[in-house]
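Hi,

Here is the structure I promised to pass on. Please open it first, then read my notes below.

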Amino acid sequence: MRHRPSLSDTSEVSLKLDKYDDIFSDFDTRPYSGRALSVDFLDEIKRATRDKDDNGIELILNVSETTRSEFHEATIKERLAAHFGRHYRLLLEEKSRITRLGVSMVAVGILCMIAATLIVFKDPSKSLLLSFLVVFLEPASWFLLWEGMSQIIFHSKEVDPELEFYRKMENSNGNVHFKSY
């Protein structure tokens with residue numbers, strides 16, 4: 001069971017909106033329940049949450065009293081929760097895929113090294129084909145080994161900043177509030 005942070009544990013992020021449409025893409029005309037979130041809106045939340053604790057984020061969206069709608073706010077809360085949850089899962093899968101690729105490349109590289117070693121041990125001077133295999137397998141094994149390690153160590157880390165943001169927002173699921181200004 002996931003621990004849901006209490007309001008006293010959370011870090012507050014407060015954004016002012018002129019209208020609800022500020023949350024969503026200008027190019028998407030679907031209703032709020034299926035509409036794509038605005039890149040500017042997401043970037044602003046990322047900037048505001050970058051230095052916040054992992055205890056959870058309380059997102060407060062300030063909207064003019066005259067434009068507030070409880071119906072739209074409930075839909076927007078659901079849409080935000082769905083977006084953050086979906087992107088968190090997608091980024092976890094991407095990081096896992098990169099790591100699996102790296103581990104596979106390292107394993108194939110090691111197998112190529114073992115094959116080259118066995119061929120050399122058998123005395124490759126007896127066969128042109130065996131000599132060719134050694135020449136082919138040695139650089140392939142080193143490439144696969146180092147590129148696989150690079151995938152595991154470096155490329156999987158490239159996902160971390162986005163993953164961290166979406167993890168924070170996923171853990172704050174439900175801590176979206178609207179206030180009037």
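One residue to begin with: D21 is partly exposed, because its relative accessibility is 27%. Keep in mind that this is a predicted model.

D21 has a charged partner. It forms a salt bridge with R35, and the closest N and O atoms are 3.0 Å apart. Both residues sit in the loop between β1 and α1, 14 residues apart. R35 is buried, because its relative accessible area is 9%. Side chains of opposite charge can pair when their charged atoms come close.

How many salt bridges does the structure hold? There are 8. Here are two others.

- D28 and R30 meet through their side chains, at 2.6 Å from N to O. D28 has a relative accessible area of 12%, so D28 is buried. R30 has 46%, so R30 is partly exposed.
- D160 pairs with K95, with the closest N and O atoms 2.5 Å apart. D160 lies in helix α4 (residues 160-171) and K95 in helix α2, so this salt bridge ties together parts 65 residues apart in sequence. D160 counts as partly exposed because its relative accessibility is 26%.

Now the sheet. It is open and has 3 strands, in the order β1-β2-β3, with parallel pairing. The edge strands are β1 (11-17) and β3 (176-180), and each pairs on one side only. From one strand to the next, the twist averages 25 degrees. Strands of a sheet pair through backbone hydrogen bonds, either parallel or antiparallel. Between β1 and β2 (residues 57-63) there are 7 bridges. One example: S11 has I57 in β2 as its bridge partner.

Two helices go with the sheet. Helix α1 (residues 39-49) lies across β1 and β2, at about 150 degrees to β1. Helix α2 (residues 70-121) packs on the sheet and touches β2 and β3. Its direction makes about 145 degrees with that of β3.

Is V13 buried or exposed? V13 is in strand β1. Its relative accessibility is 2%, so V13 counts as buried. Its contacts further along the chain include A48, T49, I57 and L59. V13 and L61 are 48 residues apart in sequence, yet 8.4 Å apart in space, C-alpha to C-alpha.

Last, look at the surface. W142, W146, M149, I153 and F154 form a nonpolar patch there, with about 570 Å² of accessible area together. W146 belongs to helix α3 (residues 128-153). W146 counts as exposed because its relative accessibility is 52%, and the cut-off for exposed is over 50%.

Best wishes

Definitions and conventions:
Residues are numbered from 1 along each chain as its sequence is written. This is a predicted model: local features need pLDDT of at least 70, side-chain atom pairs count only at pLDDT 80 or more; totals for chains, interfaces and linings use all residues. Side-chain values use heavy atoms; hydrogens and water are left out. Two strands pair if DSSP finds at least two bridges between them. Helices (H or I, at least four residues) and strands (E, at least two) are DSSP runs, numbered from the N terminus. Axes are lines fitted to C-alpha atoms, for helices over the stretch in contact, and angles run from 0 to 180 degrees between N-to-C directions. Contact means heavy atoms within 4.5 Å. Patches are made of residues with over 30% relative accessible area and no salt bridge: like charges are joined within 9 Å, nonpolar side chains (Val, Leu, Ile, Met, Phe, Trp, Tyr) within 5 Å. Accessible areas come from the Shrake-Rupley method with a 1.4 Å probe; for residues, only the protein chains shown count as cover. A salt bridge is a side-chain nitrogen of Lys or Arg within 4 Å of a carboxyl oxygen of Asp or Glu. Buried means under 20% relative accessible area, exposed over 50%, partly exposed in between (1.4 Å probe, protein chains only). Lists of a residue's contacts leave out its neighbours within four places in sequence.
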